[in-house]
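Subject: Handing over the structure

Hi there,

Here is the structure I promised to pass on to you. Please open it alongside this email, and I will walk you through what turned up.

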Amino acid sequence: MPNSKLFKYPEEIKDKFISTKGLKFKNGTTVSSAEIWEFMTEEAPRRFPYAFDANANNIGRFSDDVHFLSGIKRAYLTLTFKDRLLKEHAAGTPTVLVQGGQAMDAYYAAGAIPVRPGLVMQWAQSMEEGLNLRQSETRGINILESGRRKISIDACNQISAHAAIDNKVVPIDLIAPFLCLRCSDMAFLVETHRNREHDIPRYMVDYPVDHENKPWAAEYIEVELKELITKIAALSGRKITDEVIFDEIRLENRGRKIANEIAELWWNAENPPINSTDFFAIAFLANDFLGDPVASVDLLEQSKQEIEERVKNNVKGYGVPDDAKRLYICGSCVGPNAHHAETAGAVFVGRDDNWSCISVLVEEEGNPYLNIAKSMLEYPYEQRTEKRAEWTAEQVRRSRASGVIFMYQWGCNYQSGVARMISDIIREKTGVPTTFVEVGELGRSEATEQSTNRVEAFIEMV
Ligand code: SF4
């Protein structure tokens, strides 16, 4: 990858940016917009040069829409993830490895920071500072290869996260994802930790995969969640009451509701008000909460206001092509490069993976454990394949998508098994063209030409 230019936020937007609200955090602290600006223009480019690499292949490249000011704050939350986690961990907050699709309410309520495999890798790569994109890629590949050697050559690329934990690149105190339909490898990878030299405790939240019309299923998960929260609370020292869990549910529901409102605004706007990178990054806040649900919900609120303003004034997000082809993206953990897709004339309108979790609210009264269990059973992504495809077809209609790309990583056996069937059902139900693409590039920014070519060819066809 040739040395490419580094992206910089232009000085002309500084005054406008620093006049906006800062962000508040769950520990009661706040950061001002002036401090965010200082970090994003001085400290972060020095510490994390790879994140500012303007090469279009850079899968983590920030949005070019510098006038969408919430996008800069979103990038700030990404680049401060490492510092925030290490600081909290040093102060006694346990870190827990979880699964890609599960809601985080139970983990945060119990006083932990849940971290998904993708974020573990982002965290692991950022542990060495001053790296350019090539060096950061090489660091990621070395961790991945160590996982292949030590754990398995058959798993998907998320094995890197397990290798980063195993090699103590990042400190994880508990490995506790939920077993589910979406992921073929997580259960197996958790089991491999049983035989490793480290002694990280493990707990698998069991999930009845075939749960339709099984009234006992919610109560079964409820018991598992109680056990999970007890285990985490023993590490965090937090006293757990129903009200503590409901406080977290209410906060995260607020985030999910705002993310859904943003999606509706975006879908119904005459012109897409923010580009694909910003749209996905903002919605993802309500799916992951990036170590701090208070900061994430604060930013979701600010983002919604900015987007409403843009919709009112019919502003199109920078980078969105005129008459863009609207693509709905399916598949787990991996997706097409937004910058390439926009250059080829498309815009991304949604993603089944993230939207599945965001679309389900947790009931705010009654038994909080049972309520979280019921919400987990409702995830569209965790239904039998026809039902999942029907929900996705509905998303395609509501988002007015003109094409669907189902992308899956090599080694991801469930997604590769259902990609064709889901694509066919969506096409049959909506009449929208669909395609599916297998890749081997999850988490990488190099050697992605093959998938880029296939995505661009599909956009041309649409
Ligand atoms: S790519 Fe597939 S197998 Fe790998 S972690 Fe994601 S869902 Fe699981």
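Let me start with Ile358: setting aside neighbours within four places in sequence, it is in contact with Arg256, Ala259, Asn260, Ala283, Ala286 and Asn287. Please bear in mind that this is a predicted model. Ile358 belongs to helix α15, which covers residues 352–358. Its relative accessible area is 1%, so Ile358 is buried, the limit being under 20%. You may also like a distance here: Asp288 is 70 residues away from Ile358 along the chain, and their C-alpha atoms are separated by 9.4 Å.

**The ligand site**

Which residues surround the ligand? They are Cys156, Gln158, Arg182, Cys183, Ser184, Asp185, Ser332, Cys333 and Cys412. Sorted by class, this shell has four nonpolar, three polar and two charged residues. As for its place in the protein, the ligand sits in the second largest cavity.

Cys333, one of the residues around the ligand, deserves a closer look. Its phi is near 65°, a positive value in a residue other than glycine. Most residues other than glycine have a negative phi. Cys333 is found in the loop between β6 (325–330) and α14 (338–343). With a relative accessible area of 38%, Cys333 is partly exposed.

Lys168 is another residue to check if you look at backbone angles. Lys168 is not a glycine, yet it has a positive phi of about 60°. The loop between α8 (159–166) and β5 (174–175) is where Lys168 is found. Is Lys168 buried or exposed? Its relative accessible area is 57%, and the cut-off for exposed is over 50%, so Lys168 is exposed.

**Two covered helices**

Helix α16 takes in residues 368–378 and is mostly covered, with nine of its 11 residues buried. The buried ones are Pro368, Tyr369, Leu370, Asn371, Ile372, Ala373, Ser375, Met376 and Leu377. What do these buried residues pack against? Their partners are α5 (105–109), α10 (216–236) and α11 (242–268). At the start of α16 there is a detail that may interest you: a side-chain oxygen of Asn367 comes to within 2.9 Å of the backbone nitrogen of Tyr369.

His211 ties in with this helix. It touches Leu377, and also Ala217, Glu382 and Gln383, if residues up to four places away in sequence are not counted. Leu377 is among the buried residues of α16. His211 itself is found in the loop between α9 (186–192) and α10. Its relative accessible area of 9% makes His211 buried.

Helix α3, residues 69–79, is also mostly covered: 11 of its 11 residues are buried. Among them are Lys73 and Arg74, along with Leu69, Ile72 and Tyr76.

**Three more residues in helices**

Ala393 is in helix α17, which spans residues 385–398. At 0% relative accessibility, Ala393 counts as buried. Leaving out neighbours within four places in sequence, Ala393 is in contact with Ile426, Lys429 and Thr430. Ile422 and Ala393 are 29 residues apart in sequence, and their C-alpha atoms are 9.1 Å apart in space.

Arg46 lies in helix α2, residues 33–47. Arg46 is exposed, with a relative accessible area of 57%. A polar atom of the Arg46 side chain lies 3.4 Å from the backbone oxygen of Glu42. An α-helix has 3.6 residues a turn, so residues three or four places apart point the same way. From C-alpha to C-alpha, Arg46 and Glu129 are 8.3 Å apart, while 83 residues separate them in sequence.

Finally, Lys312 has its place in helix α13 (residues 293–312). Its relative accessible area is 64%, and Lys312 is therefore exposed. Pro273 is 39 residues from Lys312 along the chain, and the two C-alpha atoms are separated by 9.6 Å.

If you only have a few minutes, I would begin with the ligand in the second largest cavity and the positive phi of Cys333.

Enjoy the structure, and best wishes!

Methods:
Residues numbered from 1 in each chain as written. Predicted model: local features only at pLDDT ≥ 70, side-chain atom pairs only at ≥ 80, totals over all residues. Heavy atoms only, no water. Near = heavy atom within 4 Å. 1 Å grid on protein atoms, 1.4 Å probe; cavity = no way out; pocket = protein on both sides within 12 Å on 5 of 7 lines; lining within 4 Å. Sits in = over half its atoms within 2 Å of the grid points. Nonpolar A, V, L, I, M, F, W, Y, C, P; charged D, E, K, R; others polar. Buried < 20%, exposed > 50% of the residue type's maximum accessible area, 1.4 Å probe, protein only. Helix = DSSP H or I, 4+ residues; strand = E, 2+ residues; numbered from the N terminus. Contact = heavy atoms within 4.5 Å. Polar contact = N/O pair within 3.5 Å; in protein donor to acceptor, adjacent residues only side chain to side chain.
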